[in-house]
Amino acid sequence: MVTLDWPGCHNARDVGGLPTVDGSAIRPRALLRSGHHTELTAAGIAAVRAAGISRVLDLRRDVERDAYPSPFAGDPGYVSAPVLLDVVTYEYPDDSYGPLLDHNQQRIAAAFRAIAGAPPGGVLVHCRGGRDRTGVLVALALSVAGVAPDVIAGDYALTEGSPAAVMLNTFEHLEQAYGGVTAYLSLIGITEAERAAVRERLREPAYLTETRDGYNRFAAEYAGLFGDVLARNVWERALLGGFAELVRAEPGPVLEVGCGIGTVTAYLHGLGVDIAGLDLAPEMVAAARRDHPSITFDVGTMTALARPEGTLAAVLAWYSIIHVPDDELPVVLTEFRRVLRPGGYVFLAFQVGDEARHVRDITFLRRRPEQVAGMLREAGFDLCLRSVRAPDQEGAAEQLPQAYLLARTPKPAPGA
């Protein structure tokens, strides 16, 4: 869970990272929650638009929306799905949302379907305060995705004045009155396909969970094994030096995804590159921050970069796509393409081969350069450089050929 700094918006957070009962987690920036947006500053509106949100789901009643208009009401991704009638005709207790669930079934079904059918990207759910209606809908979605009731109640309790017991009582009501969340959703007309769509949207791919957990366990040893890898590898220093020259010629922010302990990030920073690092594993990010305090390092995934469209000069993925399965790699490259400005670079390094290895409970994938080059072209990149280093060079981290692909997004023609 991450608290979001959206100036003028109360109670905004990303529920990504919450664990599921089967060892997975909620995908970062897949489901966000907040209070209303009427008082968002210009910076706050820009921050929301930069968060990769494809649907803003407004659960407020008509009278609330008229009194407190949404700045996103004219956007294609904005959906109004009032959970309550303008006048509530039933008793509203303080210790459970059971009556809300009982008396608003079709409105809740419509709001749930708005999550299930949202375009690719994050879904931002809000009501007026971001507690009651938002809390109930988010709880249903998280439950379908496999998050335990006590974890959901813990997230709910992060909202001021929201005891966890209220949400736990709500789950108890669902169990006693309907037989549980799934039975309730079935009763109100939500199909298994719609529940599956929400699960798919919210749950992070299994490979991300495996990779994060593996590197968190490995972080303490990683620096001793690989911290001096660039000092031992003249060829990679040369390639990275050339990359730094290209970026400095057209300056702009650079992001290294899968930065690990920050060795390559720090090297490029020392060459005058405006670079930040991003890694999936919090323990690796903690080590990078400790060793390189002058550089920004964040926890996140390359599948959902928290950067506005078209703002980066380059993305560097130095031996990090080696954990991404073949069917997910086009998704990752498309995300790189999204955040790069026209003429922006992507620079990839990976081991050459066909087989997968499993070391320390982490899967390492090898690929053929021509395969990755084809994926880059399909994602809208123009290939600039393809190089393969022989496996017997001094300082090689592995006795395998190492591939390096540099590509860039097309630049508009002069005067276009």
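## Cavities in a predicted model

A cavity is a set of grid points where a 1.4 Å probe fits but cannot get out. The model described here is predicted. Its structure holds two cavities of 30 Å³ or more. The second largest has a volume of about 30 Å³. The largest has a volume of about 40 Å³.

## The largest cavity

Eight names make up this lining: L101, V136, A139, L140, M167, T170, F171 and L174. By class, seven of the lining residues are nonpolar and one is polar. None is charged.

Two helices each supply at least two residues of this lining: α5 (132-144) and α7 (164-178). The largest share comes from α7, with four residues.

## The second largest cavity

V247, E250, A313, R341, G343, G344 and Y345 line the second largest cavity. Three of the lining residues are nonpolar, two are polar and two are charged.

Strand β11 spans residues 340-351. This strand gives four residues to the lining of the second largest cavity, the largest share.

## R408 and its contacts

R408 sits in strand β15, which covers residues 402-408. Is R408 buried or exposed? R408 counts as buried because its relative accessibility is 18%, and buried means under 20%.

Which residues does R408 touch, leaving aside its neighbours within four places in sequence? R408 is in contact with E250, G343, G344, Y345, F381, D382 and C384. Among these contacts are E250, G343, G344 and Y345, which also appear in the lining of the second largest cavity. With Y345, the link includes a polar contact between side chains, at 3.2 Å.

## The largest pocket

The structure also has pockets, and about 860 Å³ of space lies in the largest pocket. Its lining counts 44 residues. Which of them lie nearest the centre of the pocket? They are Y215, Y222, Y319, I322 and H323.

Several elements give two or more residues to this lining: α10 (206-226), β7 (254-257), α12 (263-270), β8 (275-279) and β12 (356-359). The largest share, seven residues, comes from α10. By class, the pocket lining has 23 nonpolar, 13 polar and eight charged residues.

## Linings by class

The classes can be set side by side. The largest cavity has no charged residues in its lining. The second largest cavity has two. The largest pocket has eight.

Terms used:
Residues are numbered from 1 along each chain as its sequence is written. This is a predicted model: local features need pLDDT of at least 70, side-chain atom pairs count only at pLDDT 80 or more; totals for chains, interfaces and linings use all residues. Side-chain values use heavy atoms; hydrogens and water are left out. On a 1 Å grid over the protein atoms alone, a cavity is a set of points where a 1.4 Å probe fits but cannot get out, and a pocket is an open set with protein on both sides within 12 Å along at least five of seven lines; lining residues have an atom within 4 Å of a point. Grid points are joined across faces, edges and corners, and a volume is the space filled by probe spheres set on the points. Ala, Val, Leu, Ile, Met, Phe, Trp, Tyr, Cys and Pro count as nonpolar, Asp, Glu, Lys and Arg as charged, and the others, Gly among them, as polar. Buried means under 20% relative accessible area, exposed over 50%, partly exposed in between (1.4 Å probe, protein chains only). A polar contact is a pair of N or O atoms within 3.5 Å; within protein, one must be able to donate a hydrogen and the other to accept it, and residues adjacent in sequence count only if both atoms are side-chain atoms. Contact means heavy atoms within 4.5 Å.
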